[in-house]
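Welcome! Here is a short briefing to help you find your way around a structure you may not have seen before. Take a moment to look it over first.

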Amino acid sequence: QIESFPALEHRAASLELKRLIQTSIGYSQRHLNRLSAIFAGMHTDPVDEICEGSLGMISEAIRLLDRTS
């Protein structure tokens, strides 16, 4: 779901919100890198499942940003 962050950033009207989204992208990417290293150390492939709850929050964020832009 990290792939949706650039779309949120693009829709954000305020520079502060864009900056916060960019920061969140950086944190999320570091978390994914750490998790990948952990799974590699365990010789296990992470399961790539989509979280329906996260998708709902992303959809709602996009709707809100579209209404305010």
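The notes below go through the helices, the core, the salt bridges, the surface and a few distances.

Please keep in mind that this is a predicted model. A good place to begin is the nonpolar core, where the largest one has 6 residues. The structure also holds 2 salt bridges, and a nonpolar surface patch of about 380 Å² is made by four residues introduced below: Leu32, Leu35, Ile38 and Met42.

**Helices and the loop**

- Helix 1 covers residues 5–11, and glutamate 9 is found there.
- Helix 2 runs over residues 15–41 and includes leucine 35.
- The length of helix 2 can be checked: its 27 residues, at 1.5 Å a residue, should span 39 Å, and its end C-alpha atoms are 39 Å apart, so the two values agree.
- Helix 3 takes in residues 52–68, with aspartate 66 among them.
- Histidine 43 follows helix 2 and has its place in the loop between helix 2 and helix 3.
- The phi of histidine 43 is near 55°, which is a positive value in a residue other than glycine.
- Histidine 43 is exposed because its relative accessible area is 75%, and the cut-off for that word is over 50%.

**The nonpolar core**

- In soluble globular proteins, nonpolar side chains tend to be buried together.
- Here, the largest nonpolar core is made of Ile2, Phe5, Leu8, Ala12, Ile21 and Leu65.
- Isoleucine 21 is in contact with Phe5, Leu8, Glu9 and Ala12, once its neighbours within four places in sequence are left aside.
- Isoleucine 2 sits in the segment before helix 1.
- Isoleucine 2 has 19% relative accessibility and therefore counts as buried, since buried means under 20%.
- Residues up to four places away in sequence not counted, isoleucine 2 touches Ile25, Ser28, Gln29 and Leu32.
- Isoleucine 2 and serine 28 are 26 residues apart in sequence, while their C-alpha atoms are 7.1 Å apart in space.

**A buried glutamate**

- Is glutamate 9 buried or exposed? Glutamate 9 is buried, because its relative accessible area is 19%.
- Which residues does glutamate 9 touch, not counting residues up to four places away in sequence? The contacts of glutamate 9 are Lys18, Ile21, Gln22 and Ile25.
- From C-alpha to C-alpha, glutamate 9 and glutamine 22 are 7.3 Å apart in space, with their positions 13 residues apart in sequence.

**The salt bridges**

- Side chains of opposite charge can pair when their charged atoms come close.
- One salt bridge joins aspartate 66 and arginine 11, whose closest N and O atoms are 2.8 Å apart.
- That pair links distant parts of the chain: aspartate 66 belongs to helix 3 and arginine 11 to helix 1, 55 residues apart.
- Aspartate 66 is partly exposed, at a relative accessible area of 43%, and arginine 11 also counts as partly exposed, at 29%.
- Another salt bridge is formed by glutamate 60 and arginine 63, with 2.5 Å between the closest N and O atoms.
- Glutamate 60 and arginine 63 are 3 residues apart in helix 3, so about one helical turn separates them.
- Glutamate 60 is partly exposed, with a relative accessible area of 36%, and arginine 63 is partly exposed as well, with 48%.

**The surface patch**

- Leu32, Leu35, Ile38 and Met42 make the nonpolar surface patch of about 380 Å².
- Leucine 35, one of these patch residues, is partly exposed, with a relative accessible area of 43%.
- Leu32 of this patch is also one of the residues touched by isoleucine 2.

**Distances across the model**

- Serine 36 is found in helix 2 and is partly exposed, with a relative accessible area of 43%.
- The C-alpha atoms of serine 36 and leucine 55 are separated by 22 Å, and these residues are 19 residues apart along the chain.
- Glutamate 60 and isoleucine 25 are 35 residues apart in sequence, and their C-alpha atoms are 18 Å apart in space.

Terms used. Residues are numbered from 1 along each chain as its sequence is written. This is a predicted model: local features need pLDDT of at least 70, side-chain atom pairs count only at pLDDT 80 or more; totals for chains, interfaces and linings use all residues. Side-chain values use heavy atoms; hydrogens and water are left out. Patches are made of residues with over 30% relative accessible area and no salt bridge: like charges are joined within 9 Å, nonpolar side chains (Val, Leu, Ile, Met, Phe, Trp, Tyr) within 5 Å. Accessible areas come from the Shrake-Rupley method with a 1.4 Å probe; for residues, only the protein chains shown count as cover. A salt bridge is a side-chain nitrogen of Lys or Arg within 4 Å of a carboxyl oxygen of Asp or Glu. Helices (H or I, at least four residues) and strands (E, at least two) are DSSP runs, numbered from the N terminus. Buried means under 20% relative accessible area, exposed over 50%, partly exposed in between (1.4 Å probe, protein chains only). Contact means heavy atoms within 4.5 Å. The expected span of a helix is 1.5 Å times one less than its number of residues. A nonpolar core is a set of buried Ala, Val, Leu, Ile, Met, Phe, Trp, Tyr and Cys residues joined through side-chain atoms within 4.5 Å.
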